[in-house]
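Okay, thanks everyone for coming. Let me put the model up on the screen.

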Amino acid sequence: MMAEDVPAHNRADAQAGGAPRLVDLAQGIGVAGAEETAEATVGLHHPASGVTLQPAFDAHHPPSAALIGDCVHCGFCLPSCPTYLLYGEEMDSPRGRIYLMKEGLEGEALSDTMARHFDLCLGCLACVTACPSGVQYEKLLSATRQQVERRYLRPAGDRLFRELIFHLFPYPRRLRLLLLPLLLYQRSGTQAAVRRSGLLDRLPARLRTLHEVAPAVPRGWETIPAWVQARGKERMRVGMLLGCVQRAFFPHVNAATVRVLAADGCSVATPLRQGCCGALSAHAGREDEAIRLARRTIQTFERAGADAVAVNVAGCGSHMKEYGHLLRDDPVFAERALRFSAMVRDASELLAEIGPVAERHSLPVTAVYHDACHLQHGQGITRQPREALRQIPRLVLKEVPREREICCGSAGTYNLLEPDAARELGDRKARNVLAAEAQVLVTGNPGCHLQIQAALRRVGVAMPAVHVMELIDASIRGVDGETLGRH
Ligand code: SF4
Ligand code: SF4
């Protein structure tokens with residue numbers, strides 16, 4: 001891809017009046033200096049703290065020089081990077097960010113500019129899939145995020161907003177307190193009236209996004225027993241993660257997952273006192289919080305005594321497979337974390353391993369499958385959900401015809417923290433989803449579900465969105481396809 005291929009309307013100069021210098025990928029090796037590309041994305045209406053830390057990184061797990069050295073600057077990752085597609089800025093590409101990490105290790109200061117380029121990274125890991133040299137960008141980013149989060153002083157409003165997010169989303173009980181007021185807001189027609197009024201356009205972008213992606217409160221509440229016996233002969237004992245947002249707003253997805261696993265021969269334990277796995281915290285660089293939540297999750301599932309831990313949220317599964325790395329310094333948990341991570345399976349991965357047993361009934365719908373980044377790039381899972389869906393008679397499975405590897409902009413809390421970039425990516429993904437001409441959107445992550453549906457609503461399209469497990473469950477139970485996505 002040539003730099004000219006970056007659409008003009010997506011360039012930062014169109015948004016912020018900056019002067020981005022697009023990188024010509026045909027030039028191959030060669031990294032532009034930070035000062036050459038800093039302006040455009042840093043200037044995207046983002047308040048700066050004005051505080052500069054010298055050096056950028058302290059001695060507690062800085063990004064590894066050896067891993068940085070694996071990058072040969074070939075640029076093959078650039079076309080897969082959503083922020084490079086949006087801004088055409090070298091320092092908003094994986095190669096540019098790795099260069100900034102190297103500068104930081106060599107004593108360069110952690111400035112607003114440098115922090116901004118790291119903040120804009122979605123952590124989608126498309127660059128990891130694309131890299132022919134096996135650069136472990138996920139480890140580099142994780143180390144860098146922890147440094148930024150621990151050391152960089154954000155402006156007060158930004159700090160407050162982040163604290164609000166991280167004192168709410170990882171706590172299902174606190175999220176449940178929102179259900180009643182949100183239900184009243186949605187069912188009274190106020191939400192629809194606010195959407196129509198144009199009032200949202202006058203709100204700050206972060207608040208507007210919070211409103212746009214707020215999940216619909218489910219109509220019914222499906223209680224999941226702590227233990228569900230396998231139907232027929234037990235083939236495996238599985239512990240299941242209920243998640244945080246998933247548990248509060250998508251209980252039907254959890255219920256469907258348990259039914260599917262049980263129907264295919266798994267006894268399922270869902271410890272009710274389980275908490276957050278820590279994925280949101282870890283992806284934001286909140287190391288202590290992520291470690292605390294990981295330890296608790298390991299203890300919870302050790303007590304459940306399962307052969308595997310099933311997860312139906314892409315970001316959670318991807319993170320739980322990295323517990324070994326997160327807890328590598330912990331004398332009590334390091335070994336246990338490695339053992340635990342080896343047991344973690346996405347629900348579709350688990351089904352592919354054990355093979356289907358329960359009969360799948362006809363489900364005549366046309367569905368388009370969206371790959372969540374933390375499934376396709378984070379865990380390398382693309383075949384299993386497609387195979388599971390193709391086992392459903394009369395279901396027509398379509399692909400997103402363009403940019404399948406590009407993030408929808410959800411990326412954990414990214415759409416709340418970086419609403420402008422996320423909105424552009426969401427709109428772009430919605431256009432590509434619509435091009436598939438399907439009736440139903442199917443994905444394996446609640447964040448993608450909410451993000452793409454919000455983008456579809458902006459263009460006046462109300463397409464039902466369901467989880468992979470909901471489609472399989474509907475097929476096993478012989479449910480009418482017309483009811484899909486209604487909860
Ligand atoms: S993780 Fe995603 S956004 Fe970040 S550098 Fe890699 S491809 Fe770009
Ligand atoms: S991260 Fe990989 S693909 Fe990207 S420039 Fe470095 S070596 Fe090339």
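So, how do the residues of the shell around ligand 1 divide into nonpolar, polar and charged? The split is 10 nonpolar, 3 polar and 1 charged, where Ala, Val, Leu, Ile, Met, Phe, Trp, Tyr, Cys and Pro count as nonpolar, Asp, Glu, Lys and Arg as charged, and the others, Gly among them, as polar.

Quick housekeeping: this is a predicted model, where local features need pLDDT of at least 70, side-chain atom pairs count only at pLDDT 80 or more, and totals for chains, interfaces and linings use all residues. Residues are numbered from 1 along each chain as its sequence is written, while chains are lettered from A and ligands numbered from 1 in the order in which they are written.

Back to ligand 1: 14 residues surround it, with Cys81, Pro94, Cys121, Cys124 and Cys127 the closest (near means a C-beta atom, placed from the backbone, within 6 Å). Helix 5 (82–87), helix 6 (94–105) and helix 8 (126–130) each give two or more residues to that shell; helices are DSSP runs of H or I, at least four residues, numbered from the N terminus.

Now ligand 2. Its 14 surrounding residues have Cys71, Cys74, Cys77, Arg95 and Cys131 nearest, and helix 6 and helix 8 are the elements giving two or more. By class, the ligand 2 shell has 10 nonpolar, 3 polar and 1 charged.

Last thing, a helix pair. Helix 24 (residues 383–390) and helix 28 (residues 468–477) have axes that come within 10 Å and cross at roughly 20 degrees (axes are lines fitted to C-alpha atoms over the stretch in contact, with angles from 0 to 180 degrees between N-to-C directions). Helix 24 and helix 28 are therefore roughly parallel, the label for angles under 35 degrees.

Methods. Parallel < 35°, antiparallel > 145°, perpendicular 65-115°, else oblique.
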